[in-house]
Amino acid sequence: MTKVFILTALCFLVLGHLFAEDIKLEHYNRENGLSHNSVRHILQDKQGMLWLGTFNGLNSFDGQRFSSFLSDARYPNRIQNDDITAFVFDQDADAMWIGTRGGLTKLNMRSFQFTTFVHDPNNPESIPDSEIRAVYVDKLKRIWIGTKSSGLVIFNQSTKMFTKIPLPGFTDV
């Protein structure tokens, strides 16, 4: 029993030493091109690009430099709000769904076209709340959205309709 323990401990020490030498950490901030120093969310796409959601924009990082995707009222084909609160990839559709404090945005990863959905009080089929807190894509390609004030919503991509999911007992989200 003692021999097994010593052999196991020796293996961990040798392996730990081998792998510890390969770790290199870099610190990135606004001075390096990041749009904001506080990063809320990080994902990696299938090409290996890192995507970072911050309080001031969406950023991509290729290992060398950052690219920022920021709102600009002069250009409608941009993200509409820079405060990124959530995002998720839909790998099959080659799209990213981005939640912000100003709506839900779909980014086509091939064309880099942005489509934003915001609450329209005159349209009952619009998203019921523009402040997004969570986004999830299920196996059926439905987009599940957690909102600040209206709870859980599902977006049907084929009909372009949002449906609020009633949650008994949750009247104030």
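Which residue in the turn of the hairpin formed by β11 and β12 has a positive phi? In this predicted model, the residue is K160, whose phi is about 60°, and the turn belongs to a hairpin that leaves four residues between β11 and β12. Before returning to that part of the chain, it helps to have the overall plan in view.

The protein contains one helix and 12 strands, and, read from the N terminus, the helix is followed by the strands in the order α-β-β-β-β-β-β-β-β-β-β-β-β. Of its 173 residues, 35% count as buried. Among the contacts with a separation of 6 or more, 35% are accounted for by residues 24 or more positions apart.

One part of this plan is an open sheet of four strands, arranged in the order β1-β2-β3-β4 with antiparallel pairing. Its edges are formed by β1 (39-44) and β4 (66-69), each of which pairs on one side only, and the twist from one strand to the next averages 20°. Within the sheet, β3 (residues 57-61) runs antiparallel to β4 and is joined to β4 by four bridges, with S60 having S67 as its bridge partner in β4.

The loop between β2 (50-54) and β3 holds F55. Is this residue buried, partly exposed or exposed? Because its relative accessibility is 40%, F55 counts as partly exposed, a class that lies between under 20% for buried and over 50% for exposed. Neighbours within four places in sequence aside, F55 is in contact with H36, S38, R40, D82 and D83. The C-alpha atom of F55 is also separated by 9.9 Å from that of R101, although the two residues are 46 residues apart along the chain.

Further along the chain, β10 (residues 143-147) and β11 (residues 152-156) run antiparallel and are joined by four bridges. In this pairing I145 stands opposite V153 of β11, and the hairpin of the two strands, with four residues between them, includes G151, which takes a positive phi near 75°. On to the next strand, β11 pairs with β12 (residues 161-165) in the antiparallel sense over five bridges. Here V153 stands opposite K164 in β12, so that V153 faces I145 in one pairing and K164 in the other.

These strands lead into the interior of the protein. In soluble globular proteins, nonpolar side chains tend to be buried together. The largest nonpolar core has 14 residues, of which W97, L104, V135, I143, I145, F155 and F162 touch the most other members. Two or more residues of this core come from each of β5 (84-90), β9 (132-137), β10 and β11, and β9 gives the most, with three residues. The surroundings of V135 illustrate the packing: residues up to four places away in sequence not counted, V135 touches A86, V88, W97, G99, L104, I143 and W144. A second, separate core has 12 residues, including W51, F69, I79 and I84.

How many cavities of 30 Å³ or more does a search of the whole structure find? The search finds one, and the largest cavity has a volume of about 40 Å³. Its lining is made up of D45, K46, Q47, F89, D90, Q91, D94, A95 and M109.

Technical notes. Residues numbered from 1 in each chain as written. Predicted model: local features only at pLDDT ≥ 70, side-chain atom pairs only at ≥ 80, totals over all residues. Heavy atoms only, no water. Pairing = 2+ DSSP bridges. Core = buried A, V, L, I, M, F, W, Y, C linked by side-chain atoms within 4.5 Å. Buried < 20%, exposed > 50% of the residue type's maximum accessible area, 1.4 Å probe, protein only. Contact = heavy atoms within 4.5 Å. Axes fitted to C-alpha atoms, helices over the stretch in contact; angles between N-to-C directions. 1 Å grid on protein atoms, 1.4 Å probe; cavity = no way out; pocket = protein on both sides within 12 Å on 5 of 7 lines; lining within 4 Å. Points joined across faces, edges and corners; volume = space filled by probe spheres on them.
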